[in-house]
Number of protein chains: 2
Amino acid sequence: MDLIADLLAGNRRALARAISRVEDRADDARGLLAALHGHTGRAHVIGLTGAPGTGKSTLVSALARAYRATGRTVGVVAVDPTSPFSGGALLGDRVRMRDLAGDPGIFIRSMATRGSLGGLARATADVIAVLDAAGFDRILVETVGVGQAEVDIASAAHTTIVVEAPGLGDEVQAIKAGVLEIADVFAVNKADRADADRTVMALQMMQGLASAGHHGPQPGPGPAQPGPQADGAWLPPIVKTIATEGRGVEALRDWVEQHARYLRDSGQLARREQARAAAALDHILRDRLLADLLARQPAERLPALVAAIAGRALDPYAAADALLADS
Amino acid sequence: MDLIADLLAGNRRALARAISRVEDRADDARGLLAALHGHTGRAHVIGLTGAPGTGKSTLVSALARAYRATGRTVGVVAVDPTSPFSGGALLGDRVRMRDLAGDPGIFIRSMATRGSLGGLARATADVIAVLDAAGFDRILVETVGVGQAEVDIASAAHTTIVVEAPGLGDEVQAIKAGVLEIADVFAVNKADRADADRTVMALQMMQGLASAGHHGPQPGPGPAQPGPQADGAWLPPIVKTIATEGRGVEALRDWVEQHARYLRDSGQLARREQARAAAALDHILRDRLLADLLARQPAERLPALVAAIAGRALDPYAAADALLADS
């Protein structure tokens, strides 16, 4: 196939076309992904997640530039529908993005904002695979980060950066719940704000509380240093950044690289690759199984069952039983 | 079953136990939901969605109180892991919640923050069904609202309130993307802030742009009045609130009630009930089909396929084909 050869040779138009095919789930998407799969596995995939207002998109731009400064090529995938990468940019943001867009070592793609989250996570994984096969060294995936959403999409990343910012209502609220589990690196952006240190301290406190449990750094004299710990665990560093001025962004990049080395050296990388593979398989199977089941039913069966549930004649679990028994 | 009889008789401990069974997917959860299904369909389910920092949780408390003032009983389901209902409250919020908690006409439940979003949406729908069967008149579901997450969970609500607040970074960014599709009512909370009117205007502008397309109110002389339109559509009202002082909250409640009447009178309610039923069936089927498929496989088969994907010997779609061909 020309498209595949062109894409592997670094042709940008072939890349854009391949991504569109994959996103639209075109007829040849399957064959495309199958052909590219053997060329994947070289890129380091970096997820950035954080609430709106943290300056996450600006940080993505700045981090991409910091990688370009070391000669790395960068793919950007914006999954956050509120991201300026996805179209809603202010003028200032647009200018910053345009700087990136003129660089042949950068490719930016915004994911469609429609559809179920499961479908989105699968399509995102496929687009990452295409960028990986196309030879991009680092792939930055920007996702909106509050709730469960980011957990699903973070499963596609090797290194997850959780972006916080001072003064977003209440830090304690915004920071809690699941963030410790997914963060490999914390970025406290807008660090020139007066209460930035409070946000850093809140994160450190959370890490301290976690270390009192089974995981995390060993308690000992003085605060633990971030990075690899004596017991083999990784303590996420907390990096202060001012993305609009590029400050702290090189340190952030260097921490990501250190985490990438840690993943390789500790054998964790292989485990993350397995988790990424399992997540991809899970998403595909769920969609296929449901589509297959529905294809085997007479056209009127599903509407009849839905009407029976809505009319309280049948509960949804019994309706599922009925469908499964027939098939 | 005693538990069911007690729950239907209004026993709070039975209710709490039933919800726990459903959340934990205990052995008797299925039978419980089947027995309760015939008693559901009376509650009006109200989703509140919005980004952290909008004061959404405080608005949920205030709206619950506004309903109590009219004698309605209220169930609250907090799906947002950053919600103070879910444990991360500041002292002020905790005091406000405690006011609610002492009232027998109110029942508050926070959903576990773990697990996949699909699983969470399903469990949320089940908990709503239990509260509905227990006789609560209004059920408030608080979800975090940015991205796709809220769309899945909004499918469980009859009326969706989208909560915005002034000055959250950039309104245009925070507001866009999918919000027009799901909002039945907009609440602009923290309306005492200087730039509240800018947020209201941004929402009105979005509505105006939408009405230039195929949906929404007819263009005509003067701005359209919110509520039911001449063509049968519903134009979402934009209600300014100051939840901490309870201001605007009665107006918000009254708009929700007006929307509930609109749903009944227009026949939309039946359509929303069908959509809720279809969403419930969809979630259950996906989980069941995958579980059934995996149960039929030898224990070593899935790990072997995952390893083959991670080792680039097989792409995920081919692995799915292999699993499906065997079963």
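Here are some questions and answers about this predicted model.

Residues are numbered from 1 along each chain as its sequence is written, while chains are lettered from A and ligands numbered from 1 in the order in which they are written. In this predicted model, local features need pLDDT of at least 70 and side-chain atom pairs count only at pLDDT 80 or more, whereas totals for chains, interfaces and linings use all residues.

Q: How many helices and strands are there in chain A?
A: Helices (H or I, at least four residues) and strands (E, at least two) are DSSP runs, numbered from the N terminus. On that basis, chain A has 14 helices and nine strands.

Q: How far apart do the C-alpha centres of domain 1 and domain 3 of chain A lie?
A: The domain bounds come from an automatic or database domain assignment. Chain A is divided into domain 1 (1-38), domain 2 (40-266) and domain 3 (297-326). Between the C-alpha centres of domain 1 and domain 3 of chain A, the separation is 39 Å.

Q: Is Lys190(A) buried or exposed?
A: Lys190(A) sits in the loop between β6 (185-188) and α10 (196-211) of chain A, and its phi is near 55 degrees, a positive value in a residue other than glycine. A residue is buried if 20 or more other C-beta atoms lie within 10 Å of its own, exposed if 12 or fewer, and partly exposed in between, with C-beta atoms placed from the backbone. Because Lys190(A) has 25 other C-beta atoms within 10 Å, Lys190(A) is buried.

Q: Which burial class does Arg312(A) have?
A: Arg312(A) lies in the loop between α13 (301-310) and α14 (316-326) of chain A. Its phi is positive, about 65 degrees, although Arg312(A) is not a glycine. There are 14 C-beta neighbours inside 10 Å, so Arg312(A) counts as partly exposed.

Q: How are α11(B) and α12(B) oriented?
A: The axes of α11 (residues 249-266) and α12 (residues 268-295) of chain B come within 5 Å and cross at roughly 95 degrees. Axes are lines fitted to C-alpha atoms, for helices over the stretch in contact, and angles run from 0 to 180 degrees between N-to-C directions. Angles under 35 degrees count as roughly parallel, over 145 as roughly antiparallel, 65 to 115 as roughly perpendicular and the rest as oblique. The crossing therefore makes α11(B) and α12(B) roughly perpendicular.

Q: What does α12(B) reach from its first C-alpha to its last?
A: The expected span of a helix is 1.5 Å times one less than its number of residues. For α12(B), with 28 residues, 40 Å is expected, and the reach is close to that, at 41 Å.
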